Amino acid sequence: MDAIDNTMSVPGDLQPTLSSSGPARRAWLDLLQGFRNWRVWWLLGIGDIRQRYRRSRIGQFWITLSIAIFVVAIGVVYSALFKQPIKEYIPYLATTYVVWVLIAGIVNDSTSAFIQAEGFLRQQALPKTTFILRVLVRNAISFAHNIIVLPIIFLVFGVAPSWTWGAALFGLVLIAVAGFLGGLILAILCTRFRDLPQIIQNFIQVAFFISPVTWQVELLDEPVRFWVNLNPFAAFLRVVSEPLLGRLPSSTTYASALVTIIILCAVAAPLFVRFRQRIVYWL
């Protein structure tokens with residue numbers, strides 16, 4: 001904690017710079033300072049993981065173990081229900097579920113990003129974007145633990161390495177960008193409206209079932225597939241999971257993800273400019 005406290009000292013020129021300009025410029029400086037102070041959100045994210053699993057013998061790997069159990073149990077049952085070969089369905093389920101846990105984790109954690117940081121925000125003039133980046137680091141570390149399941153399952157079920165795996169990195173970048181923008185929106189709204197986090201959590205549970213996590217898009221009739229393309233969760237899910245399974249996502253999937261990012265940016269920018277200074281008063 002001493003390392004975090006030392007890293008989070010605010011540069012002497014930050015406070016006057018942020019207070020001597022208009023709302024748009026202060027929001028832009030907040031964004032720049034947030035990315036510049038990468039040690040702060042990096043240490044905060046790591047600290048969150050350590051705090052969550054303090055005194056636990058296997059720590060974060062409890063989540064990894066639960067994912068492995070879920071994939072095997074649901075994979076056996078659903079492969080029979082959908083009449084899919086188990087050697088194809090379980091690798092698919094494992095890949096989509098690991099990516100879904102990342103997406104859902106970013107959404108759910110973003111709802112409390114500023115609320116959780118109340119102690120920091122009331123005491124120091126830290127950039128607000130620091131705590132959105134903290135959420136991304138926390139979930140990236142969890143994803144790094146959870147993805148360990150995939151090589152084991154791929155090896156057991158004979159999924160060969162593919163050159164398309166590199167495209168999954170681009171998909172993760174898209175998720176990170178959308179996660180930052182969407183997280184900023186959710187953090188602001190959920191700080192102002194305290195009932196909203198529960199609504200978001202219930203919405204994510206519904207989104208799980210209407211997104212191609214446990215079922216494959218190829219099993220749907222052609223007219224129904226059009227509606228799947230309108231689901232932004234499905235787009236971000238597929239830009240990572242499909243390359244890991246050895247195939248490139250369609251141009252429609254990438255287009256859907258990019259359009260979603262543009263919309264999130266168009267909403268997040270004015271929202272942050274207008275309400276950035278009010279966040280502390282809502283805590």
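Select A268, which, leaving aside its neighbours within four places in sequence, is in contact with L181, L184 and I185. Contact means heavy atoms within 4.5 Å. A268 sits in helix α15 (residues 251–275); helices are DSSP runs of H or I with at least four residues, strands are runs of E with at least two, and both are numbered from the N terminus. A268 is buried, at a relative accessible area of 3%. Here buried means under 20% relative accessible area, exposed means over 50%, and partly exposed lies in between (1.4 Å probe, protein chains only). Now add G183: its C-alpha atom is 9.0 Å from that of A268, and the two residues are 85 apart along the chain.

This is a predicted model, in which local features need pLDDT of at least 70 and side-chain atom pairs count only at pLDDT 80 or more, while totals for chains, interfaces and linings use all residues. Residues are numbered from 1 along each chain as its sequence is written, and side-chain values use heavy atoms, with hydrogens and water left out.

**α11 and α9**

Stay with G183 and show helix α11 (residues 165–192) together with α9. Their axes come within 9 Å and cross at roughly 135°. Axes are lines fitted to C-alpha atoms, for helices over the stretch in contact, and angles run from 0 to 180 degrees between N-to-C directions. The angle makes α9 oblique to α11. By the cut-offs, under 35 degrees is roughly parallel, over 145 roughly antiparallel, 65 to 115 roughly perpendicular, and the rest oblique. The crossing of α9 and α11 is right-handed; right-handed means that the near helix is turned clockwise from the far one by less than a right angle, and left-handed means anticlockwise.

To see the contact, select T129, I132, L133, L136 and F143 on the α9 side. On the α11 side, select L172, A176, G179, F180, G183, L184 and A187.

**α9 and α6**

Keep α9 on screen and bring in helix α6 (residues 86–110). Their axes are 9 Å apart and the packing angle is about 160°. The two helices are therefore roughly antiparallel to each other, and α6 passes α9 in a right-handed crossing. From α6, the contact uses V98, V99, V101, L102, G105, I106, D109 and S110; from α9, it uses V135, L136, R138, N139, F143 and N146.

Now look along α6 itself. The helix has 25 residues and reaches 35 Å from its first C-alpha to its last, close to the 36 Å expected at 1.5 Å a residue. The expected span is 1.5 Å times one less than the number of residues. α6 is mostly covered, with 20 of its 25 residues buried.

**The salt bridges at R138**

Select R138, which is buried, with a relative accessible area of 3%. How far apart are the closest N and O atoms of D109 and R138? They are 3.2 Å apart, and the pair forms a salt bridge. A salt bridge is a side-chain nitrogen of Lys or Arg within 4 Å of a carboxyl oxygen of Asp or Glu. D109 lies in α6 and R138 in α9, so this pair ties together parts that are 29 residues apart in sequence. Both D109 and R138 are buried.

Next select D48, whose side chain meets that of R138 in a salt bridge of 2.8 Å, N to O. D48 is in helix α4 (residues 38–52) and R138 in helix α9 (residues 129–146), so the pair ties together parts that are 90 residues apart in sequence. D48 is buried, with a relative accessible area of 12%. Add R134 to complete the view: D48, D109, R134 and R138 are linked in a network of salt bridges. The count of salt bridges comes to 6.

**α4**

Follow D48 into its helix. α4 has 15 residues and reaches 21 Å from its first C-alpha to its last, close to the 21 Å expected at 1.5 Å a residue. Its buried residues are V40, W41, L44, G45, I46, D48 and I49.

**α8 and K83**

Select E118 and R122, a salt bridge with its closest N and O atoms 3.0 Å apart. They are 4 residues apart in helix α8 (residues 118–123), separated by about one helical turn. E118 is partly exposed at 30% relative accessible area, and R122 is partly exposed at 48%.

Finish at K83, in the loop between α5 (61–81) and α6. K83 has a phi near 55°, a positive value in a residue other than glycine. Most residues other than glycine have a negative phi. K83 is exposed, with a relative accessible area of 71%.
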